[in-house]
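User: Could you take a close look at one part of this model, the helix that is mostly covered, and then set it against a few other residues and the protein as a whole? I would like a careful, connected reading.

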Amino acid sequence: MQNAVLENFPDVQAIYRFTNRNKDTTLFTRECFERLQTAVSHFDQVKLTPAERVWLAKTCPYFPQQYLDYLENYRFKPEQVHIEFVPVNGDKGHIEMTAEGPWVETILWEVPLMACLSETYFTTVDNDWSYDGQEDLAYQKGKALLEAGCVFSEFGTRRRRSFHTQDFVVRALIKATQDLPNSGKLTGTSNVFLAHKYGINPVGTVAHEWFMGIGALKGYESVNDLALEIWETTYPNAILLALTDTFSTTAFFQSFSKNPARAKKWHGLRQDSGDPLEFAPRAKEVYLKMGIDHREKMIIYSDSLNLDKALTLKKQADEIASFGIGTFLSNDFVKVSDPKSKSPALNMVIKLAEVNSKSCVKISDDLRKASR
């Protein structure tokens, strides 16, 4: 998405805003806040290495030379991030956070800020948990998915318990695929660093902010069509997977169904909110009305997946279903003090709030995920 912004919206200014969805029940400490500030202050030291650039060019041939040049020279600017601590009860309170600057620069802050906050929270605020048995648990999950014939990728960077957790989760999933080479498939991880480390594919799809930003900049009447058009022009030789729910799946299908040529060109759809069991039948109906064989398309399910939900959806959609699984793999812990109780992950997001001083919105198929 950074490359797409660089090519199409290089001068747009943006604001990203953090939201704690469990603000009433989840508080942060001042120590957590201060450690997060310190972590952010060091981000200007992160850079693409020559070896990583060579690997990216080979592994992701859809990236042009211009973008790899840009990325090699890119440096995070900690001054773009504003973090405040709002006391509520003694040492505990809320964290407010924004990233503000050129869209092409600030677009990279979302994932590492969330990952840093999560790891800091589970180091300073909630430490009633343990790594004991976690790598084997990840292996067993991978094994169960593979034995059921599931095609899936690891999507857990943003809300992971820690970097260490995600590292051994990816390692365990790879081991499961080696032990079960003829069942299912691990397609890769959304963590590009770990993909490079372990020699697997870096994977992902276009996210809500692409549609949100274009809607705010260009208007909403034809936003889905325009967002897809710009994306496919930017990536004519990449796998095209359309996210459907930014402004509701109903609105997406209404515009998508009017352009059979585009529907035929795009390889599949991603379901990220609403009832997943209703999605495949709806998609099938839309494709059939356009004279397109729905069995030639794929559906990526990515909404709060766990093992049971993935296996249920696999039975329904069978050959066309694949899964992007995040928190269930990278942050599935229990309390040491009460092993029957979950140690829940932070329920948080960082969303695009403004572009060129225009508010961005996300409607979603689940009002709890809506943002403005």
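Analyst: What follows starts with that helix, moves on to three residues placed in other helices and to a loop, and ends with the whole chain. The model is a predicted one, so the values below are computed from predicted coordinates.

The helix in question is α10, which runs over residues 208–218 and has ten of its eleven residues buried. The buried set is made up of H208, E209, W210, F211, M212, G213, I214, G215, A216 and L217, so that charged, aromatic, aliphatic and glycine positions are listed together there. Directly after α10 comes G219, with a positive phi near 100 degrees.

Burial can also be followed at single positions in other helices, and T234, in helix α11 (residues 223–234), is one of these. T234 counts as buried because its relative accessibility is 9%, which is under the 20% cut-off. A polar atom of the T234 side chain lies 2.8 Å from the backbone oxygen of I230. Once residues up to four places away in sequence are set aside, T234 touches N3, A4, E7 and N8.

Y67, a residue of helix α4 (residues 65–73), also touches residues with low numbers, namely Q2, N3 and L6, when positions up to four places away are not counted; N3 thus appears in the contact lists of both T234 and Y67. With a relative accessibility of 6%, Y67 counts as buried. Its pairing with Q2 can be described in more detail: the two residues are 65 residues apart along the chain, and their C-alpha atoms are separated by 8.8 Å, while their side chains make a polar contact at 2.6 Å.

Q166 belongs to helix α8 (residues 163–179) and, at 0% relative accessibility, counts as buried. Leaving out neighbours within four places in sequence, the contacts of Q166 are E154, G156, T157, R160, T189, N191 and L194, a list with residue numbers on either side of the helix that holds Q166.

A contrast is offered by the loop between β13 (348–355) and β14 (358–359), where N356 is placed and where S357 is also found. N356 counts as partly exposed, with 37% relative accessibility, whereas S357, at 69%, counts as exposed. Most residues other than glycine have a negative phi. Against that background, N356 has a positive phi of about 50 degrees although it is not a glycine, and S357, likewise other than glycine, has a positive phi near 65 degrees.

These parts sit in a protein with 16 helices and 14 strands, in which 52% of the 372 residues count as buried. The radius of gyration is 20 Å, which agrees with the value near 21 Å that a compact globule of 372 residues would have, and the C-alpha trace spans about 60 × 50 × 45 Å along its principal axes. Among contacts with a separation of 6 or more, 76% join residues 24 or more positions apart, and the pair of Y67 and Q2, 65 residues apart, lies in that range of separation. The accessible surface comes to about 17,400 Å², with 50% of it belonging to carbon and sulfur atoms. The protein has 44 positive and 47 negative side chains, and the centres of these two sets are 3 Å apart.

Methods: Residues are numbered from 1 along each chain as its sequence is written. This is a predicted model: local features need pLDDT of at least 70, side-chain atom pairs count only at pLDDT 80 or more; totals for chains, interfaces and linings use all residues. Side-chain values use heavy atoms; hydrogens and water are left out. Helices (H or I, at least four residues) and strands (E, at least two) are DSSP runs, numbered from the N terminus. The radius of gyration is taken over C-alpha atoms; the globule rule is 2.2 Å times the number of residues to the power 0.38. Buried means under 20% relative accessible area, exposed over 50%, partly exposed in between (1.4 Å probe, protein chains only). Contact means heavy atoms within 4.5 Å. Accessible areas come from the Shrake-Rupley method with a 1.4 Å probe; for residues, only the protein chains shown count as cover. Lys and Arg count as positive and Asp and Glu as negative; His and the chain ends are not counted. The place of a charge is taken as NZ of Lys, CZ of Arg, CG of Asp or CD of Glu. A polar contact is a pair of N or O atoms within 3.5 Å; within protein, one must be able to donate a hydrogen and the other to accept it, and residues adjacent in sequence count only if both atoms are side-chain atoms.
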